[in-house]
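Hi there,

Here is the structure I promised to pass on. Have a look at it first, and my notes follow underneath.

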Amino acid sequence: MFNCKKILAVTDPTLDQQSSLLRALSIAEKTGAKIIALSCVYDKSYDMTAVLTSDERFDMKQAMVEHEKAKLDALVKRLKCASTVEVVITWYKKLHESVIDTCSEYKCDLIIKSTKKHGLLASTLFTPSDWHIVRNSSVDVLLVKYHEWPQGGTIVGSIGVSAKDNAHTCLSDKVAETAYALSQMLSATLHLANSFAGAPIHIAVEVPNFSPEIYNKSVQQRHTKTLQALGQKYKLDSTNIHVLEGLPEDIIPALCKKYSADLLVIGSVGRKGLSAALLGNTAELIIDGVECDTLVVKPTKDQE
């Protein structure tokens, strides 16, 4: 079962349709979870001390907070939410800091945030705030688009099997378990997918006795054996197990498109600081390439 007791739904004051709240309500109906509907507001003029007095700044801040709370309260009332929804308005310069702090304060176990394109030349649906939330959150993060989760849809679980360390192995197990639980909750078809890097062709020239074909076949068989064991655990048909040669950021989005996935479930240990800025993250490259919703599963505390 997909256990979820408290959901943080991050709303966007600039949007009329709050997909994150709608998705949270959908999940809460099936799990009984409580929802924290968060809206973060901020106005740069608040910092213009030379223009505004301290009283004016305070009044402006209060007015903005109260206006946003009234607007979100009205939306919750209009949606006739059967689930328990608590509206929380924060005043932060940076959205991701508000999300992480509020999630910790209210002890939420799932963050849901909507995504959208920014600018005509944007190649991605995701904002810097999205990435900061994914990297810094200690709980699972669901990034949602503007569509419903249909009953009888398709879920793809991206499983990594090449990692040597226990943390990544445990995370892959958690991804499979979460994807299966969601497939049961939504009566969805589950696919488990994995990719592996083939041997570079130039090795055959440099090492005459080395056979790339034999090496690739051996690696594929090892990965397939691991995925098939997971598939048997969750009683999946062998046709729903996919092990393909190539980069994960190419293979996983292609499979999601091929099977018209409604949701991708993927694990991420996250990467912070300069390494994140320069190198990125395999999970982020995959997320960047899919058109469906993405649930980013984070390690449990004892796995980190």
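Helices α3 and α4 cross in a right-handed manner. Please keep in mind that this is a predicted model. Helix α3 covers residues 95-105 and helix α4 covers residues 128-136; their axes come within 8 Å and cross at roughly 30°. Angles under 35 degrees count as roughly parallel, and α3 and α4 are therefore roughly parallel to each other.

If you would like to find the contact on screen, look on the α3 side for Leu95, His96, Val99 and Ile100, which meet Ser129, His132, Ile133 and Asn136 of α4. Sorted by class, the residues of this contact are 4 nonpolar and 4 polar, with no charged ones.

Now to the sheet. It is an open one built from 10 strands, and the pairing is mixed. Following the strands across, you would read β3-β2-β1-β4-β5-β10-β9-β6-β7-β8. The edges are taken by β3 (85-91) and β8 (241-245); each has a single partner strand, so one side of each is left without a neighbour in the sheet. From one strand to the next, the twist averages 20°.

What does the β8 edge pair with, and how? The partner here is strand β7 (residues 189-196), which runs parallel to β8 and is joined to β8 by 5 bridges. A handy landmark is Phe196, which stands opposite Glu245 in β8. As background, strands of a sheet pair through backbone hydrogen bonds, either parallel or antiparallel.

Happy browsing, and best wishes!

Key
Residues numbered from 1 in each chain as written. Predicted model: local features only at pLDDT ≥ 70, side-chain atom pairs only at ≥ 80, totals over all residues. Heavy atoms only, no water. Axes fitted to C-alpha atoms, helices over the stretch in contact; angles between N-to-C directions. Helix = DSSP H or I, 4+ residues; strand = E, 2+ residues; numbered from the N terminus. Parallel < 35°, antiparallel > 145°, perpendicular 65-115°, else oblique. Left-handed = near helix turned anticlockwise from the far one by under 90°. Contact = heavy atoms within 4.5 Å. Nonpolar A, V, L, I, M, F, W, Y, C, P; charged D, E, K, R; others polar. Pairing = 2+ DSSP bridges.
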